[in-house]
Every structure is written in structure tokens, then in C-alpha cells.
Amino acid sequence: MTEQASSPTGSGVGSRRRAHVGAMPSTARGRRTRSLLLDGARTVFERDGFLDARVADVAATAGTGHGSFYTYFDSKSDVFRTLVNEVMETGLYAPERPAHPHDGRVPTVDEAWDRIERGNRRYLGLFRRDRKLLALFEQVASFDEEMRRYRLELRARSVSRAETGIRRLQEWGLADVDLDPVLASHALNSMVTQYVYFWLVLGQEHDEEESVAVLTRLWGRSLGLPLP
């Protein structure tokens with residue numbers, strides 16, 4: 001089997017991820033080996049980049065046999081997709097506190113601002129922790145069709161989450177009801193993503209607390225949310 005083995009078939013990115021990216025070995029030994037391979041893959045990808053990374057180097061870094069790699073992953077694309085998926089699922093898309101923990105009442109303006117700030121902090125924390133891998137993901141998605149589809153799927157999830165929050169704010173009378181929540185979500189997601197990319201990946205110098213404060217203020221005020 002070559003390193004560019006064909007991707008598993010399925011009805012879409014989600015089904016492929018469930019079939020392979022999300023698959024976990026049933027034994028403790030298998031889970032340990034898979035974890036070692038993922039750690040080795042992260043080291044190799046972050047050191048060599050996606051194109052120059054080799055399955056043999058991943059296996060050697062993990063301390064496993066070359067053949068063991070293909071017990072858990074189809075290709076280097078598969079292990080890279082798994083890495084990105086686990087970063088996103090345990091970071092950006094990990095379960096949050098309930099979206100409306102207000103005992104049936106409309107949240108206060110301060111509570112609405114606090115939720116926006118927590119979302120921005122969460123995204124900044126994820127990108128700071130895994131910026132090398134996520135920056136590489138953006139690069140790979142520009143030339144790998146399957147990674148591009150997966151990137152767009154993740155973007156759709158971010159937009160949908162923000163859209164839901166904007167609609168709630170509008171229903172509660174806290175946000176501008178004339179705003180299209182879908183377009184607003186796209187625009188605000190792009191603002192934060194680009195800001196963080198230029199800051200944490202390309203090396204622009206920004207203070208973290210000031211960045212959180214400004215991004216939160218721009219997000220809330222663009223929606224018409226009253227100041228706290």
C-alpha cells in the first residue's frame with residue numbers, strides 16, 4: 001500500500017470520518033499504539049510539513065513497525081485528517097455549557113457579552129495550543145480536495161453555531177433583527193479566523209487580553225448588542 005492510498009468510500013466526509021478517523025481500537029494495547037502513531041505523526045508533520053512527511057518516519061518516531069501504521073490508518077492523509085479532527089473535536093467543538101442556562105428567562109446584556117467573550121477565548125486558546133497543525137491544515141486544504149471538503153465542513157459547523165447564537169440574541173431582543181444571521185455569522189467567523197491566523201501563525205504582535213477585548217467588542221457591537 002502506498003502513502004497516497006485511496007480514501008475510504010462513503011456518502012460524504014462525515015461518514016468517512018466516522019468509519020476511519022473516529023474508529024478506536026477495542027484493546028488497551030491498540031489504543032496505546034494508535035495514540036503513539038498520532039503523536040509521532042504530529043511531530044513529523046509539524047517538523048517536515050505535509051508533502052515531505054513519510055509514513056516510515058511517522059512509524060519510526062512512534063516507535064512502531066511500518067506495518068503497524070496501516071493497521072490503524074490508510075495513508076498519511078488519513079492520519080493527518082485524524083489529527084486535525086481530534087484537535088477540533090476536543091477543542092473548538094467540545095461540549096459547551098448549555099446555550100441558554102437562564103431558567104427560562106432572557107439573559108442579561110452582561111451574560112450575552114460574557115458568552116461572546118468565552119467563545120473568542122476558546123478559539124484563541126485552541127489556535128494557540130495547536131497553531132502549527134492548524135496552520136498546516138489550512139495549507140493542505142488549498143490543494144487536497146478531501147481536506148478542502150473537510151475544512152468547509154468545519155467552517156459550516158462554526159457558522160451554524162454562531163448563527164444559532166445570533167438568532168437567539170435576536171429573539172431575546174438583544175441584537176439587530178434586520179441582520180441576516182447567516183451572513184453575519186460568515187463575516188464574524190472570517191474576522192476572528194483571519195485575525196488569529198495573522199497573529200499566531202504569521203507572527204504579527206498583539207496582546208492577548210486586548211485582542212480578546214477588541215474581537216468581543218467588534219462581534220457584539222456589530223450585532224447591535226448594547227454595551228454592558
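Leaving aside its neighbours within four places in sequence, with which residues is Gly49 in contact? In this predicted model, the contacts of Gly49 outside that window are Val44 and Leu136. Gly49 belongs to helix H2. The relative accessible area of Gly49 is 17%, and the residue therefore counts as buried, the limit being under 20%. A further residue to be considered here is Leu133, which is separated from Gly49 by 84 residues in sequence but by 9.3 Å in space, C-alpha to C-alpha.

Helix H2, which spans 28–52, is also one of the elements against which the buried residues of helix H3 pack. Helix H3 comprises residues 55–62, and its buried residues are Val55, Asp57, Val58, Ala59 and Ala62. Besides H2, the packing partners of these buried residues are helix H4 (66–72) and helix H5 (76–90). After H3 comes Gly63, which has a positive phi, near 75 degrees.

Aromatic pairs were then examined. The model contains 11 aromatic pairs by the ring-centre rule. In one of them, Phe45 and Phe50, the ring centres lie 5.9 Å apart and the planes meet at 15 degrees, so this pair is classed as stacked, the limit for that class being under 30 degrees. Both Phe45 and Phe50 are buried. A pair with another geometry is formed by Tyr195 and Trp199, which are edge-to-face, with 6.1 Å from centre to centre and 65 degrees between the planes.

Tyr195 and Trp199 are both located in helix H9 (residues 181–201), where a spacing of 4 residues places them about one turn of the helix apart. In an α-helix there are 3.6 residues a turn, so residues three or four places apart point the same way. The accessibility classes of the two residues were assigned separately. Tyr195 has a relative accessible area of 25% and is therefore partly exposed, whereas Trp199, with a relative accessible area of 6%, is buried.

The stacked residues Phe45 and Phe50 also belong to one aromatic cluster, together with Phe80, Phe137, Phe143 and Tyr150. A charged group is found at one ring of this cluster: the charged end of Lys76 sits over the ring of Phe50, at 4.9 Å from the ring centre. Phe50 thus appears in three descriptions: as a buried residue, as a member of the aromatic cluster, and as the ring beneath the charged end of Lys76.

Methods. Residues numbered from 1 in each chain as written. Predicted model: local features only at pLDDT ≥ 70, side-chain atom pairs only at ≥ 80, totals over all residues. Heavy atoms only, no water. Buried < 20%, exposed > 50% of the residue type's maximum accessible area, 1.4 Å probe, protein only. Helix = DSSP H or I, 4+ residues; strand = E, 2+ residues; numbered from the N terminus. Contact = heavy atoms within 4.5 Å. Phe/Tyr/Trp six-rings, centres within 6.5 Å; stacked < 30°, edge-to-face > 60°. Lys NZ or Arg CZ within 6 Å of the ring centre and 35° of its normal.
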